[in-house]
Amino acid sequence: MRAVVVYESLYGNTHQVAEAVGEGLRSGGAEVLVLAAQDAAGAIEEADLLVVGGPTHVHGLTSERTLQAAVDGAGKHPDDPAPDVSGPPMKTWLEQLPHGVGCRAAAFDTRMDKPRLITGSAAHGIAKRLRHHGYEVVGEEGSFLIHGGTGPLVDGELDRARAWGEGLVTAG
Ligand SMILES: Cc1cc2nc3c(=O)[nH]c(=O)nc-3n(C[C@H](O)[C@H](O)[C@H](O)COP(=O)(O)O)c2cc1C
């Protein structure tokens, strides 16, 4: 099975989770590519399983508006790491995703370490859009917690991400 893990990450947390999900998929026997959203064109068509993850912004997935808010926020809080906004927001990337007839898919996010009712979840919106594009979404949505608004990841979340990735190999 060929799996492609596509991520968006402003501060590196979702990138780390994506790599851990890739490790889990590999230990389950899959051939895996882990790619930033802006580098994923061309690889997706070859995938049997597409895994998409991004940070939770304003209760959902990122948009041009929330990336701008991250840039504006960095100006106001100089102690925070600078956000990497070189890629497209997840909302835009998913709008341009080719139709995925017959392809399995899964969604994950990172979010603040608070109840989901308060934080919202990007994974939910990602999964919904994958279904609209004809993908068969499998497994539970993955959601991985960070400290504060920019990380680092909470202890144990990378292990949880590996286990979630491995579980996707047989989810269906
Ligand atoms: C503009 C903006 C809005 C955010 N809104 C939320 C939110 O509604 N819920 C939440 O849990 N985290 C929110 N966060 C925190 C992000 O989820 C966090 O920065 C992200 O998980 C870190 O992942 P990354 O390092 O891969 O970007 C927000 C962050 C930014 C910059």
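Helices and strands are taken here as DSSP runs, numbered from the N terminus, with at least four residues for a helix and at least two for a strand. The model described below is a predicted one. In it, the largest share of the shell around the ligand comes from H2, which supplies four residues. The shell as a whole has 24 residues, and the closest to the ligand are Ser9, Tyr11, Thr14, Pro55 and Thr119. Helix H1 (13-27), helix H2 (64-76) and strand S4 (104-112) each give at least two residues to this shell. By residue class, the surroundings of the ligand comprise 15 polar residues, eight nonpolar ones and one that is charged.

Stepping back to the whole chain, six helices and six strands can be followed. Their order along the sequence is β-α-β-β-α-α-β-α-α-β-β-α. The C-alpha trace spans about 45 × 35 × 30 Å along its principal axes. A compact globule of 172 residues would have a radius of gyration near 16 Å, and the chain, with 15 Å, agrees with this. Of the 172 residues, 45% are buried. Among contacts with a separation of 6 or more, 75% link residues that are 24 or more positions apart.

Strand S3 (49-55) is a good place to look at the interior. Seven of its seven residues are buried, so S3 is largely enclosed by the rest of the structure. In a regular strand, side chains alternate between the two faces of the sheet. In S3, Leu49, Val51, Gly53 and Pro55 point one way, while Leu50, Val52 and Gly54 point the other way. Pro55 of this strand is also one of the residues closest to the ligand.

S3 has pairing partners in both S1 and S4. Strand S1 (residues 2-7) runs parallel to S3 and is joined to it by five bridges; here Val6 has Val52 as its bridge partner. The pairing of S3 with S4 is likewise parallel and extends over seven bridges, with Leu50 standing opposite Ala105 of S4.

Residues of these strands also appear in the largest nonpolar core. In soluble globular proteins, nonpolar side chains tend to be buried together. The core in this model has 41 residues, and those with the most contacts inside it are Ala3, Val5, Val21, Leu50, Val51 and Ile126. Beyond its neighbours within four places in sequence, Ala3 is in contact with Leu25, Ala30, Val32, Ala47, Asp48, Leu49 and Val51.

Ile126 brings helix H5 (residues 122-132) into the picture, where the buried residues are Ala122, Ala123, Gly125, Ile126, Ala127, Arg129 and Leu130. These buried residues pack against S3, helix H3 (90-95), S4, strand S5 (136-137) and strand S6 (142-146). Just after H5, Gly134 adopts a positive phi of about 90°.

A few further backbone details deserve a look. In the loop between S3 and H2, Val58 and His59 are both found. Val58 has a positive phi near 45° although it is a residue other than glycine, and it counts as exposed because it has 12 C-beta neighbours inside 10 Å. His59, also not a glycine, has a positive phi of about 75°; with 15 other C-beta atoms within 10 Å, His59 is partly exposed. Elsewhere, the peptide bond from Gly151 to Pro152 is cis, with omega near 10°. Pro152 belongs to the loop between S6 and helix H6 (157-168).

Conventions. Residues numbered from 1 in each chain as written. Predicted model: local features only at pLDDT ≥ 70, side-chain atom pairs only at ≥ 80, totals over all residues. Core = buried A, V, L, I, M, F, W, Y, C linked by C-beta atoms within 7 Å. Buried ≥ 20, exposed ≤ 12 C-beta atoms within 10 Å, placed from the backbone. Contact = placed C-beta atoms within 7 Å. Near = placed C-beta within 6 Å. Nonpolar A, V, L, I, M, F, W, Y, C, P; charged D, E, K, R; others polar. Rg over C-alpha atoms; globule rule 2.2 N^0.38 Å. Pairing = 2+ DSSP bridges.
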